[in-house]
Amino acid sequence: MKIVVTGGLGFIGSHTTVELQKKGFEVVIIDDLSNSTEKVLDGIVAITGKRPEFEKIDLKEKSKVEDFFKRHQDIAGVIHFAASKAVGESVEKPLLYYENNIGTLVYLLKELSKKQRASFIFSSSCTVYGQADKMPITEDAPVKAAESPYGNTKQIGEEIIQETCKVTPAINAIALRYFNPMGAHPSAEIGELPIGVPQNLVPFVTQTGAGIREQISVFGGDYPTEDGTCIRDYIHVVDLAKAHVVALERLLDGKNEENYEVFNVGTGKGSSVLEVIQSFERVSGKKLNYKIVGRRPGDIMTAYADTTKANEVLGWKAESSLDEAMKSAWLWEQRVRKESV
Ligand SMILES: NC(=O)c1ccc[n+]([C@@H]2O[C@H](COP(=O)([O-])OP(=O)(O)OC[C@H]3O[C@@H](n4cnc5c(N)ncnc54)[C@H](O)[C@@H]3O)[C@@H](O)[C@H]2O)c1
């Protein structure tokens, strides 16, 4: 069965491609290489022994999207990762984010609505919850006003899919609300590419451990949490990738109860910034140079998932511990550094 993975050379898309191939799916990757390189294909081949088809297409180009679907009539589903994801940049360039994250989504849905039946998986985010009132966060927690254009694109994206599904029964869609993806494939053949200054904690931690960055700032040590630092739900990217495969299979097998569904994808366990740093120190045997500084505006204090719905309905559960995920992130960091010297 042929599945399109947009953004399939990116961090989560490449790991999902591997898991899809392992299950026997034929993958066609669309990526414009704006945040990835073609070398990722070699990493995928090294793991699975199979080179996915790849087309370099910018999904903002509507005519190219139309042409792609004309040439690939046998597409059974689309997993849509392609998007811009830097929260800070989205504040400075909102239109770039609305065009890349919303425009591309609309073009894809338009093409899928021409089909007799199509399955669609969307990369959403726990940012839609903002600072939720209750922990752990369930899927019916209210969606809070977005803090950034990036966050807004995920909320609007979900609404666009939901409204499209209401009037297009041929499209069956699932939005997966990721908590905090981290780590890399345990083979260290693929991982998060070190492009620019990391936006997320874990690559910052491993880069500091590798000596690329002198020190890591911990924003806020006076939150009313156990150790005073912020708490997030860190999920191993391989576990996250597997969630996409089971969600897709649910749609392809027609097991979905509604034609638009939403699932949290996390571990259900919150870890503080200091716990993440301790995990790094445990798995690497290195001391990390960190400093607690003032709070960062816009940061929420605590977010971790209630994963009951994904566990029970999808039959999926995150398997890796924080240390296992950290070990893979550290292995990947070392490999990237070795190749860049
Ligand atoms: N990584 C996270 O922490 C996180 C958390 C929640 C949600 N998400 C969402 O998950 C998805 C994947 O994230 P990621 O971390 O793998 O990001 P990534 O940047 O590594 O991957 C995205 C890929 O999409 C490609 N791309 C971007 N715009 C494109 C376009 N117009 N046409 C074709 N290709 C395009 C990029 O080149 C890149 O390879 C994104 O939608 C992101 O918003 C990520």
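**Contacts, burial and ligand shell in a predicted model**

Author: The side chains of Glu55 and Arg71 are joined by a polar contact of 2.7 Å. The model is predicted, so to speak of it properly: local features need pLDDT of at least 70, side-chain atom pairs count only at pLDDT 80 or more, and totals for chains, interfaces and linings use all residues. Residues are numbered from 1 along each chain as its sequence is written, and side-chain values use heavy atoms, with hydrogens and water left out.

Reader: Why is the pairing of Glu55 and Arg71 called a polar contact?

Author: The term requires a pair of N or O atoms within 3.5 Å; within protein, one must be able to donate a hydrogen and the other to accept it, and residues adjacent in sequence count only if both atoms are side-chain atoms. The 2.7 Å between the side chains of Glu55 and Arg71 therefore qualifies.

Reader: How do you know whether Glu55 is buried or exposed?

Author: Buried means under 20% relative accessible area, exposed over 50%, and partly exposed in between (1.4 Å probe, protein chains only). Glu55 has 13% relative accessibility and therefore counts as buried. This residue belongs to strand E3; strands (E, at least two residues) and helices (H or I, at least four) are DSSP runs, numbered from the N terminus.

Reader: Which residues does Glu55 contact, leaving aside neighbours within four places in sequence?

Author: With contact taken as heavy atoms within 4.5 Å, Glu55 touches Ile29, Ile30, Asp31, Phe68, Arg71 and His72.

Reader: What makes the buried residues of helix H3 line one face?

Author: Helix H3 (residues 62–71) has Val65, Phe68 and Phe69 as its buried residues. Seen down the axis of H3, these residues fall within an arc of 90 degrees, so they line one face of the helix; the arc is that of the directions from the helix axis to the C-beta atoms. An α-helix has 3.6 residues a turn, so residues three or four places apart point the same way. The buried residues of H3 pack against strands E1 (2–6), E2 (26–31), E3 (53–56) and E4 (75–80), and against helix H5 (94–112).

Reader: Why are Leu33 and Ala188 placed in their respective accessibility classes?

Author: Leu33 has 22% relative accessibility and is therefore partly exposed, whereas Ala188 has 4% and is therefore buried. Leu33 has a positive phi of about 65 degrees although it is not a glycine, and Ala188 likewise has a positive phi, of about 60 degrees. Leu33 lies in the loop between E2 and helix H2 (40–48); Ala188 lies in the loop between strand E7 (180–182) and helix H7 (201–209).

Reader: What makes up the shell around the ligand?

Author: The ligand is surrounded by 28 residues, where a residue is near if one of its heavy atoms lies within 4 Å. The shell divides into twelve nonpolar, ten polar and six charged residues; Ala, Val, Leu, Ile, Met, Phe, Trp, Tyr, Cys and Pro count as nonpolar, Asp, Glu, Lys and Arg as charged, and the others, Gly among them, as polar.

Reader: Which distances place polar side-chain atoms of Ser36 and Tyr150 beside oxygen atoms of the ligand?

Author: The distance is 2.8 Å for Ser36 and 2.6 Å for Tyr150. The protein covers 96% of the 830 Å² of accessible area that the ligand has on its own, by the Shrake-Rupley method with a 1.4 Å probe.
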